[in-house]
2 protein chains.
Amino acid sequence: MDDRIYDLADLFKVFSDSTRIRILYVLMDGEKNVGDISEAVEMNQSAVSHQLKTLKTSHLVKVRRDGKAMLYSLADDHVETILKIGMEHISEED
Amino acid sequence: MDDRIYDLADLFKVFSDSTRIRILYVLMDGEKNVGDISEAVEMNQSAVSHQLKTLKTSHLVKVRRDGKAMLYSLADDHVETILKIGMEHISEED
DNA sequence: TGAACATATGAACAGTTGAACATATGAGAA
DNA sequence: TTCTCATATGTTCAACTGTTCATATGTTCA
């Protein structure tokens with residue numbers, strides 16, 4: 001059980017950065033390459049690439065190659081669900 | 001929308017620490033005072049009190065006074081829901 | 001093969017964070 | 001009021017994190 005607590009904390013740690021959340025929101029629109037993501041979140045390619053690696057390691061996004069480009073997309077429904085419930089929570093605060 | 005992204009990141013930041021998650025799990029068992037929580041998570045009173053303040057500020061726990069003691073409990077259903085979905089996610093990883 | 005493009009990686013630096021310690025506040029009992 | 005008990009707060013410090021810059025990797029096309 002203790003291991004799972006740490007894993008759980010690590011998962012939420014990934015959701016705890018606004019850049020990563022913005023990337024996830026961008027990907028809700030569908031599969032995108034790194035350049036398009038960079039443009040959408042207005043951050044340089046390197047920063048986005050670093051964050052995409054974090055997101056991939058925690059299985060929140062998946063990737064496939066298309067020629068020179070890498071196409072990222074959301075890994076599963078949990079991502080949107082967690083963001084949605086989080087939004088609900090902050091919306092209901094007094 | 002941008003403000004909400006920051007608020008959302010801040011919310012998940014609260015979930016991103018194993019001590020805080022353990023406190024939340026302890027509180028799933030019901031209302032508890034600070035001493036009992038400290039004992040349950042095996043951390044000193046000061047550390048727990050600091051974390052309880054963080055949890056309270058983000059509306060994840062609520063408090064009421066009972067004589068000298070402060071009784072903490074989970075604020076709403078979102079807390080358990082978010083932890084549950086997080087657990088589902090890490091359980092399904094390859 | 002070599003140039004051009006798309007993305008990844010490594011290092012360094014500033015900013016943030018959790019824990020520990022000491023101390024302060026507040027409530028009840030005497 | 002004064003003494004405890006229960007909890008909160010302020011400060012310090014080591015560890016961690018996100019961004020930037022520079023560079024490397026990998027793919028396509030000529």
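Okay, one term before we start: when I call a residue near a strand, I mean that one of its heavy atoms lies within 4 Å of it. And keep in mind that what you're looking at is a predicted model.

Let's take DNA strand D. By that cut-off, 25 residues surround it, and the closest are R20(A), S46(A), Q51(A), S46(B) and Y72(B). So which parts of strand D come within 4 Å of the protein? Sugar and phosphate make up 65% of those atoms.

Now, where do these residues sit in the fold? From chain A, α2 (18-28) and α4 (45-57) each put at least two residues into the surface near strand D, and from chain B, α3 (34-41), α4 (45-57) and β3 (69-74) do so too. The biggest giver here is α4(B), with five residues. If you sort that surface by class, you get six nonpolar, 12 polar and seven charged residues.

A few individual contacts on strand D are worth finding on the screen. On the phosphate side, an N or O atom in the side chain of N44(A) is 3.0 Å from a phosphate oxygen. Y72(B), which I mentioned among the closest residues, has a polar side-chain atom 2.5 Å from a phosphate oxygen. Over at the bases, look at S46(B): an N or O atom of its side chain is 2.7 Å from a base oxygen.

Okay, on to DNA strand C. How many residues surround this one? There are 24, and the closest are S46(A), Y72(A), R20(B), S46(B) and Q51(B). Of the strand C atoms that come within 4 Å of the protein, 62% belong to sugar and phosphate.

For the elements, chain A brings α3 (34-41), α4 and β3 (69-74), while chain B brings α2 (18-28) and α4, each with at least two residues in the surface near strand C. Which helix gives the most? That's α4(A), with five residues. The class count for this surface is five nonpolar, 12 polar and seven charged.

Contacts again, then. Q45(A) has a polar side-chain atom 2.8 Å from a base nitrogen of strand C. S46(B) turns up here too: an N or O atom in its side chain is 2.4 Å from a base nitrogen of strand C. For M70(A), the backbone is what matters for us, with an N or O atom 3.3 Å from a phosphate oxygen of strand C.

If you open just one residue afterwards, try S46(B), since its side chain has a contact with a base oxygen of strand D and with a base nitrogen of strand C. That's it from me.

How values were computed
Residues numbered from 1 in each chain as written. Chains lettered and ligands numbered in written order. Predicted model: local features only at pLDDT ≥ 70, side-chain atom pairs only at ≥ 80, totals over all residues. Heavy atoms only, no water. Polar contact = N/O pair within 3.5 Å; in protein donor to acceptor, adjacent residues only side chain to side chain. Nonpolar A, V, L, I, M, F, W, Y, C, P; charged D, E, K, R; others polar.
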